[in-house]
Structures are given as structure tokens and as C-alpha cells.
Amino acid sequence: MGRVAWIAPSVEQGRNNDDMSGDHHDLGTLHAPLETPVHSIDATVKLVCLLGFLFAVVATPPQAVPAFAIYLMLVVGVEACARLPVRVLGRRLLIEIPFVAFAAALPFIGVGPHREIFGLSVSIAGCWAAWSILAKATLGTAATVVLAWTTPVTDILAGLERLHVPRVLVAIAGFMVRYLDVVAGELHRLQIARVSRGDNPRWFWQGRAVAATAGTLFVRSFERGERVHNAMLARGFTGQFPTTAPDAGPRRWFPAIVWPGAACAVAIVAITR
Amino acid sequence: MTTPPALQLAGVSFDYPDGHTALRDLNLSVADGEHVAILGPNGSGKTTLVLHLNGILRATTGSIEIDGLPLDEANLTEIRRRVGVVFQDPDDQLFMPTVRQDVAFGPATLGLTGPDLDTRVQLALERVGMTAAAERAPHHLSFGQRRRVSLATVLSMDPTVLVFDEPSANLDPFARRELADIIQAAPQTTLIVTHDLLYAAELCPRAVIIDNGTIVADGPTATLLADADLLAAHRLELPRSATLARTQDGPRPRDEPTNGP
């Protein structure tokens with residue numbers, strides 16, 4: 001019963017949706033269309049700034065703890081400018097958990113000199129490695145959340161194209177954005193059809209129908225891929241992706257560039273000391 | 001010198017790799033500017049035929065010419081520019097992040113850039129009344145809007161032949177009407193592949209019935225649709241309501257083909 005109740009509201013939502021494209025599992029919802037100084041910056045500039053900031057963070061040795069404090073202030077400052085609520089940031093930071101979970105084990109499996117903390121013997125090098133992963137991943141994710149909050153996905157893709165990222169990579173990212181919704185909608189319909197016929201897998205050994213759904217979804221997506229390719233061929237595609245991103249006009253690098261500039265300066269000081 | 005037909009298929013046969021014969025010795029000639037309905041039941045070879053018209057599938061035997069230009073490797077790019085195919089599922093056709101980029105994809109692959117490209121995109125979107133949606137993502141549009149944008153993506157290539165695969169499928173009555181108006185006004189040679197007989201009757205003075213991979217009837221749409229036995233023999237049927245209206249009011253007058261062969 002619980003499963004049906006979970007599905008029903010989203011069916012209702014799909015019906016009431018003005019867009020009529022059914023259920024939305026949209027990457028676009030990461031973006032908040034507000035008017036802030038950060039929103040108004042060109043996507044290309046934001047991408048370069050983000051890259052510069054990430055580079056500075058990654059290059060900083062973990063022992064330079066004050067540097068990380070400054071990075072945190074920089075991120076928080078930009079987030080405040082972008083009017084990104086702390087609650088939203090916190091929720092979106094959860095995505096890093098699977099990636100940093102490994103870091104939790106490092107103090108215990110690390111080699112080298114050990115020290116006793118709360119009765120547990122932990123590796124000093126392991127502790128630094130764990131801190132490094134946690135701090136860098138959190139700062140990186142937080143900065144990326146700002147980009148997603150302030151920039152529509154389509155602008156990010158166009159920005160990547162203008163930065164001469166290989167077009168095939170931009171196209172793959174674009175396809176993912178474009179078809180995530182379509183595939184999620186298909187999965188949703190398969191689930192509804194399955195539940196409508198009385199399926200309610202509760203335990204692992206009842207999962208046969210779920211596995212069949214996954215298989216069906218894979219085959220359908222594969223076939224869709226073939227049809228999309230046909231549609232591309234029909235419009236003259238010969239293997240080279242053309243440039244379709246609109247021209248964004250002249251770019252204003254100042255004052256956005258100050259942000260990664262400060263981070264890079266901090267990183268240089270931290271590395272050379 | 002006479003103008004060559006917009007579309008000429010001579011003895012076209014096609015076998016799928018699994019040995020299934022989808023088209024057998026198919027002959028069809030469509031004059032410039034003509035609107036023709038391709039009718040047939042499911043599995044009759046309609047979609048296979050569509051995929052032949054711009055060389056996505058290549059005939060096992062027989063030949064295809066578009067405006068007198070033979071469909072071969074050398075002419076493939078030009079033929080794909082001339083033949084605009086609007087596929088059944090707009091989600092297959094619209095693969096770019098925004099409507100504008102999708103409409104620009106075809107002309108951009110042909111090498112257009114800058115203001116030329118912008119003009120093409122603008123004109124195509126105006127033709128289908130979707131200018132306001134240019135910066136939107138395709139999956140945020142209604143099904144009917146997506147179908148119209150699909151049409152814009154081929155119009156931007158300045159085609160001479162338009163091919164629609166099941167254009168009325170999944171459309172609500174209003175979206176159906178909007179699309180019909182656009183198709184009706186199209187100056188291009190137009191092929192409508194469908195089993196929606198009323199839509200065919202409305203949009204095409206001429207119809208061909210295809211079954212089991214070959215053409216079994218070719219003539220004025222009104223004549224073919226009035227032949228209940230012919231329709232029944234090929235798993236086609238007018239909606240009951242339409243037949244009823246006809247028996248009550250007598251046969252409705254329909255356009256005769258103006259420039260058919």
C-alpha cells in the first residue's frame with residue numbers, strides 16, 4: 001500500500017502540470033531563477049572561475065588549515081551573494097557522502113605513526129588524508145552547488161562549448177540532461193504499470209519484476225538511442241557536432257575573477273611556505 | 001524540359017538483416033507540391049518506407065530519386081537537406097538542450113553560421129508559431145508544441161519534400177488542428193504516413209495504400225476511403241461516426257488532386 005501511496009501524488013502532479021510533459025525529475029530545478037550579482041555573470045566566466053577555485057583548493061596541502069578557512073569564507077560569501085539558503089546547500093552537500101565515506105576509514109587503515117585518540121589508535125597520516133578528502137570535496141561541492149543554483153543547465157552547456165571543451169563531450173552531457181527526464185518518465189510509467197498489476201516487492205527475493213523493469217528500461221533506452229541517431233542522420237549529421245550555442249556577446253571578467261584570484265593567491269602562499 | 005517528379009521510387013525492395021522483407025517492388029511517383037497520404041495498417045512497411053526516403057535505410061534493389069537527383073552516397077547530404085522527416089516521437093527528434101539549438105542543428109551541420117543560421121532558425125520557428133519557446137528545453141513543452149518544434153527542425157533545412165510519420169498520433173484535438181493548418185499551408189511536396197484516415201482525407205487529395213510492403217491502391221483519397229471493401233481488406237477503417245455521418249448526409253465533396261500524375 002505504501003508504494004501505491006508514494007506513486008499516486010506524483011501522478012496527480014503530472015496531470016496538473018501546465019507543461020503537460022508528465023512527471024518532472026528535472027536537472028533544471030537545481031537552478032533558481034533569481035536576480036543576484038552571481039546570477040548575472042556569464043556562464044563561461046563562472047565556469048572558468050569555478051575551475052580556478054577548484055584548482056586552488058585541490059593544490060593546497062592539507063596541513064595549511066587556515067587556507068581552508070579562507071576558502072570556506074570565500075564560498076560562503078558567494079553563496080550569500082547568490083541568496084542560496086543554508087538549508088538547500090546542506091541538502092545538496094549530501095551528494096558527496098558516498099564519495100567521502102571512504103575517508104572515514106583512512107585513520108584506521110592508514111600506515112605510519114599512530115596516536116591514541118579517545119582510546120582508539122589512529123594513523124596520523126590517515127587523519128590528514130581523511131581531512132584532505134573531506135575538506136576539498138566539501139568545498140568543491142559547495143562551489144559547484146553555487147554554479148548550479150545560479151546558472152541554467154543549457155547555459156552551462158553553451159559555456160562549455162564556448163570554452164572549446166570537445167563538442168562530443170558537451171553533446172554527451174547535453175544528451176544526459178535532455179533524456180534523463182524522458183527515461184525517468186519511462187521508468188515511472190513502468191513502475192505504475194507493475195504496481196497496477198498487483199506487484200509489491202517487499203523483500204530482496206521478490207525483486208524479479210524490478211529486475212525485469214530495469215532490463216526493459218535498458219532495452220527501451222537503447223532502442224531510443226538508435227531512433228535519436230536516425231533523427232540526427234536525417235538532419236545531415238555526419239559525425240561532427242556543429243556549434244549551436246548562441247553567441248553570448250562580450251564577457252565581463254571583473255569582478256568575478258577576484259574570487260578564484262584570491263583563492264589562487266592563498267594556495268600559492270600555502271604551497272610556498 | 002519537364003520538371004522531374006519531386007519523388008520517384010522505382011522497383012524499391014528492402015529486406016531486413018533477419019530476412020524479413022519489408023518493401024517489395026514498390027513504385028511511386030509524387031509531383032512537385034503534391035500532398036499525398038501513405039495509408040496502411042501496422043507493420044505494412046510505412047515507417048521502413050520513410051527511412052528510405054532520405055537514405056537512412058538503403059533499398060536492397062530499385063532506385064529512389066528526389067527532384068531527379070538519384071539517392072546515392074555522393075548525393076546523401078543534399079538529399080537529407082531536401083527531404084525533411086518529422087518522426088513520430090518528438091523525444092527522438094529533439095535531442096538538443098534548447099529549442100533554438102535543436103532547430104539550428106540541421107542548418108549548422110550544413111555549415112551555416114552567424115546571422116544566416118539565426119535567420120533560418122527564426123523563420124522556421126515563426127512558421128510553426130514557436131518563437132516564444134526558443135530558449136526553452138524541449139522536455140518543458142507540451143506534446144503538441146514538441147511536434148511543432150520537430151517540424152521547425154526540418155523546416156530550418158529548407159527542404160523541398162516534407163515527410164510526416166504519424167503526425168496526429170497522441171495529439172489532442174486542438175493540437176491536431178494547429179498542426180493540420182501548418183501542414184495544409186506548406187508549399188513543399190508533402191507525404192503523410194498515417195492510419196488516421198480522417199486526417200489523411202483532410203490534408204491530402206491523393207492517397208496510396210501500402211500493405212505487406214507494396215502499394216495496393218493509389219488514387220483520390222475520397223475515392224479510396226469510400227471503398228469500404230478495399231479498406232477492410234487492408235485492415236483500415238473510417239471511424240464509425242464518420243461513416244454514420246456519411247450515410248445520413250450523403251457523400252461529402254472533397255478536393256480532387258490538382259497536380260497529381
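**Exercise 1. The β4-β5 pairing and its sheet**

Task: In the predicted model, state in which sense β4 and β5 of chain B pair and over how many bridges, then place both strands in their sheet.

Solution.
- Strand β4 (residues 61-66) of chain B pairs with β5(B) in the antiparallel sense, and two bridges join them.
- One residue pair can be named: Ile66(B) has Leu69(B) in β5(B) as its bridge partner.
- The sheet is open and consists of four strands of chain B, ordered β2-β1-β4-β5, with antiparallel pairing.
- β2 (21-30) and β5 (69-70) of chain B are the edge strands, each pairing on one side only.

**Exercise 2. A strand covered on both faces**

Task: Determine which residues of β6(B) are buried on each side, and which strand β6(B) is joined to by four bridges.

Solution.
- In a regular strand, side chains point alternately to the two faces of the sheet.
- For strand β6 (residues 83-86) of chain B, Val83(B) and Val85(B) lie on one side, and Gly84(B) and Val86(B) on the other.
- These four residues are all buried, so both faces of β6(B) are covered.
- The joined strand is β7 (residues 161-165) of chain B, which runs parallel to β6(B).
- Val83(B) has Val161(B) of β7(B) as its bridge partner.

**Exercise 3. Two mostly covered helices**

Task: For α1(B) and α8(A), give the number of buried residues and describe what follows each helix in the chain.

Solution.
- Helix α1 (residues 46-53) of chain B has eight residues, of which seven are buried.
- The buried set is Lys46(B), Thr48(B), Leu49(B), Val50(B), Leu51(B), His52(B) and Leu53(B).
- Just after α1(B) comes Gly55(B), with a positive phi of about 75°.
- Helix α8 (residues 153-162) of chain A has nine of its ten residues buried, among them Asp155(A) and Glu161(A).
- The buried residues of α8(A) pack against α2 (43-59) and α9 (167-196) of chain A.
- His164(A) follows α8(A) and has a positive phi, near 65°.

**Exercise 4. A helix pair in chain A**

Task: Classify the packing of α3(A) and α11(A) from their angle, and give the composition of their contact.

Solution.
- A packed helix pair is described by the angle and the distance between the two axes.
- Helix α3 (residues 65-81) and helix α11 (residues 258-272) of chain A pack at about 175°, with axes 10 Å apart.
- Angles over 145 degrees count as roughly antiparallel, and α3(A) and α11(A) are therefore roughly antiparallel to each other.
- On the α3(A) side the contact is made by Ala67(A), Ile70(A), Tyr71(A), Leu74(A) and Val78(A).
- On the α11(A) side it is made by Trp259(A), Ala262(A), Ala263(A), Val266(A), Ala267(A) and Ala270(A).
- By class, the contact of α3(A) with α11(A) has eleven nonpolar residues, no polar and no charged ones.

**Exercise 5. Chain B as a whole**

Task: Compare the radius of gyration of chain B with that of a compact globule of 261 residues, and describe the side of chain B that touches chain A.

Solution.
- A compact globule of 261 residues would have a radius of gyration near 18 Å; chain B has 18 Å, so the two agree.
- The C-alpha atoms of chain B fill a box of roughly 55 × 45 × 45 Å along the principal axes.
- Chain B contains eleven helices and ten strands, and 49% of its 261 residues are buried.
- At the interface, 32 residues of chain B are in contact with 30 residues of chain A.
- In chain B, α2 (76-82), α3 (90-93), α4 (99-109) and α6 (143-155) each give two or more residues to this side.
- α4(B) gives the most, with seven residues.
- By class, the side of chain B that touches chain A has 16 nonpolar, eleven polar and five charged residues.

How values were computed: Residues numbered from 1 in each chain as written. Chains lettered and ligands numbered in written order. Predicted model: local features only at pLDDT ≥ 70, side-chain atom pairs only at ≥ 80, totals over all residues. Contact = placed C-beta atoms within 7 Å. Nonpolar A, V, L, I, M, F, W, Y, C, P; charged D, E, K, R; others polar. Pairing = 2+ DSSP bridges. Buried ≥ 20, exposed ≤ 12 C-beta atoms within 10 Å, placed from the backbone. Axes fitted to C-alpha atoms, helices over the stretch in contact; angles between N-to-C directions. Parallel < 35°, antiparallel > 145°, perpendicular 65-115°, else oblique. Rg over C-alpha atoms; globule rule 2.2 N^0.38 Å.
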